[in-house]
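Student: I should like to understand how the terms used for this structure are justified. May we go through them one by one?

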Amino acid sequence: GCFERLRLVFYRLCSTLPLSKAIPGLQEKELEMDLSNSSCGTQLPPPYAQLRGQKQVYDIKALRLITAIKTPYLPDGRFDLEAYDDLINIQIQNGAQGVIVGGTTGEGQLMSWDEHIMLIGHTVNCFGASIKVIGNTGSNSTREAIHATEQGFAVGSVLHMGPTIIYNVPGRTGQDIPPRVVFELSRSASLAGVKECVGNERVQEYTENGVSVWSGNDDECHDSRWDYGATGVISVTSNLVPGLMRKLMFEGKDSELNEKLRPLMGWLFREPNPIGLNTALAQLGVARPVFRLPYVPLPLAKRVEFVRMVEEIGREHFVGERDVQALDDDDFILIGRY
C-alpha cells in the first residue's frame with residue numbers, strides 16, 4: 001500500500017544498503033516509484049510528508065534545463081491548449097527536464113488567477129509524470145502570492161507546500177534581492193534554489209556557499225554552467241531550440257555552439273520578453289499569431305531578421321515542421337479583452 005511504499009522510499013534515502021538486498025524478493029522495478037502519482041490522498045503522516053518534500057526539493061535541484069514555456073492563444077484570446085500541449089511534448093522529446101508555467105515568458109501577468117491555476121493543474125495532470133512542472137505563483141501582492149501558492153500546490157501536490165525557487169530579476173522588478181537575504185532563506189528545507197539574473201559573479205557567490213543556482217540569462221548560461229558552478233538554466237531560448245540548449249547544458253563546454261546561439265538570444269530580448277518569443281513561434285507555425293495586449297509583435301525588419309537566423313542555425317534545430325516565414329502586420333491578431 002501507499003504507507004509501505006513510503007516506508008521503502010524512506011529506507012532508500014536514508015540507507016546505503018540497496019533495497020533489493022535489504023528486502024529479499026523486492027524487484028528492481030519496485031524501486032522506481034513516482035510519488036507524484038500516489039493515490040494516498042491529501043494527508044501523509046508527518047515524517048513521510050517531510051521526506052517527500054525533501055525528495056521533491058532534491059529532484060528540482062538536479063534539473064539542468066528548465067524551459068519557461070510559452071502560453072499560446074486562440075483568436076478569441078483563450079488558451080490554445082492543443083498548441084500548448086504540443087509545445088510541452090516538444091520539450092519532453094528534446095530533453096528539457098522541467099517547465100515553468102505562467103511565468104513572465106508564459107504571460108502569467110496577463111492571466112486571471114483562475115486561468116493561471118487551471119493551467120498549472122492541466123500541466124501537472126497531463127505531463128507531470130514526464131517532466132517537472134514548476135508553477136509561477138509570484139505576485140507584487142503578498143496576499144495574492146500566498147493564496148496562489150496554496151492553490152498551485154493544491155492542484156499539483158499532496159503536500160501543503162513544496163519546493164520553491166526564488167527569482168532575482170532586477171531588470172523586471174527594479175529590486176535586487178541581496179545575497180544576505182538568499183542565504184537566510186536557504187536555511188529553509190523548502191528552498192530549491194535561485195534563478196539569478198545579476199550575473200556570473202553572483203552565481204559563483206551562491207554556488208561556493210552551497211546554494212543551487214540557475215542562470216536566468218540565456219546569453220550567460222553556458223559560462224554560468226561550466227565556469228561558475230550553476231546547476232543549469234531557466235531558459236526562454238529553449239522554447240525555440242530545446243535540443244541545442246540541452247546540448248549546451250549537458251555535453252560540456254562548447255564555445256562554438258554558444259557563439260552560434262548568442263545572436264538568437266540577443267534577438268529574443270531586444271524588446272521585453274516574451275514579445276520576441278511570441279513573434280518567433282508564430283513565424284515557425286507552432287503558435288497562432290495572437291497577442292494579448294499590451295504585447296505586440298516585433299516590427300517587420302526584426303521578423304525578417306529572425307527568418308535569416310533560422311536559416312543560418314538550421315531549420316531542423318527549431319521547433320515545428322513548417323517553413324519559417326516573415327509574417328505581415330495583418331497576419332497578427334491583437335486581443336484587448338478576453
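Tutor: Let us begin with the naming of elements: a helix is a DSSP run of H or I with at least four residues, a strand is a run of E with at least two, and both are numbered from the N terminus. Pro 274 has its place in the loop between α12 and α13. Please keep in mind that the model is a predicted one.

Student: How many helices and strands does the protein have?

Tutor: The secondary structure comprises 14 helices and nine strands. Of the 338 residues in the protein, 49% are buried.

Student: Why is Ser 224 called buried?

Tutor: The term applies under 20% relative accessible area. Ser 224 has a relative accessibility of 0%, and therefore it counts as buried. This serine is part of helix α10, residues 221-227. Leaving out residues up to four places away in sequence, Ser 224 touches Asn 200, Val 203, Ser 215, Gly 229 and Ala 230.

Student: What makes the buried residues of α9 line one face of the helix?

Tutor: In α9, residues 200-207, the buried residues are Asn 200, Arg 202, Val 203 and Tyr 206. Viewed down the axis of α9, these buried residues fall within an arc of 155°, so they line one face of the helix. They pack against β4, α8, β5, β6 and α10.

Student: Which residues are buried in α11, and why are they placed on the same side?

Tutor: Pro 242, Leu 244, Met 245, Leu 248 and Met 249 are buried in α11. Their arc around the axis is only 165°, which puts them on the same side of α11. The packing partners of the buried residues of α11 are β1, α4, α10, β7, α12 and α14. Just after α11, Gly 252 has a positive phi of about 85°.

Student: What makes Asp 80 and Arg 288 a salt bridge?

Tutor: The rule asks for a side-chain nitrogen of Lys or Arg within 4 Å of a carboxyl oxygen of Asp or Glu. The closest N and O atoms of Asp 80 and Arg 288 are 3.0 Å apart, so the pair meets the rule. The pair links distant parts of the chain, 208 residues apart: Asp 80 is in the loop between β1 and α4, and Arg 288 is in the loop between α13 and β8. By this rule the count comes to 13 salt bridges.

Student: Are Asp 80 and Arg 288 buried or exposed?

Tutor: Asp 80, at 7% relative accessibility, falls under the 20% limit and therefore counts as buried. Arg 288 stands at 41%, between the limits of 20% and 50%, so it counts as partly exposed.

Student: Where do the two residues of the salt bridge between Arg 270 and Glu 305 lie?

Tutor: The closest N and O atoms of Arg 270 and Glu 305 are 2.8 Å apart, so this pair, too, satisfies the 4 Å rule. Arg 270 is in the loop between α12 and α13, while Glu 305 belongs to helix α14, and the two are 35 residues apart. Arg 270 has a relative accessible area of 43% and is therefore partly exposed, whereas Glu 305, at 18%, counts as buried because the limit is 20%.

Student: Why is the pair of Glu 196 and Arg 202 a salt bridge?

Tutor: The N to O distance is 3.9 Å, so the pair passes the 4 Å limit. Both Glu 196 and Arg 202 are buried.

Student: Why does Asp 254 have no salt bridge?

Tutor: The nearest side chain of opposite charge, Lys 247, is 4.3 Å away, and the rule requires a distance within 4 Å, so the pair does not qualify. Asp 254 is nevertheless buried, and it lies in the loop between α11 and α12. A polar atom of its side chain lies 3.0 Å from the backbone nitrogen of Leu 257. Apart from neighbours within four places in sequence, Asp 254 is in contact with His 222, Lys 247 and Leu 248.

Student: What is the phi of Glu 107, and why is this residue called buried?

Tutor: Its phi is near 65°, a positive value in a residue other than glycine. Glu 107 lies in the loop between β2 and α5. Its relative accessibility is 1%, under the limit of 20%, and it therefore counts as buried.

Student: Which residues are joined by a cis peptide bond with omega of about 15°?

Tutor: That bond joins Asn 273 and Pro 274. The bond from Leu 293 to Pro 294 is also cis, with omega near 20°, and Pro 294 is in the loop between β8 and α14.

Key:
Residues are numbered from 1 along each chain as its sequence is written. This is a predicted model: local features need pLDDT of at least 70, side-chain atom pairs count only at pLDDT 80 or more; totals for chains, interfaces and linings use all residues. Side-chain values use heavy atoms; hydrogens and water are left out. Buried means under 20% relative accessible area, exposed over 50%, partly exposed in between (1.4 Å probe, protein chains only). Contact means heavy atoms within 4.5 Å. The arc is that of the directions from the helix axis to the C-beta atoms. Lys and Arg count as positive and Asp and Glu as negative; His and the chain ends are not counted. A polar contact is a pair of N or O atoms within 3.5 Å; within protein, one must be able to donate a hydrogen and the other to accept it, and residues adjacent in sequence count only if both atoms are side-chain atoms.
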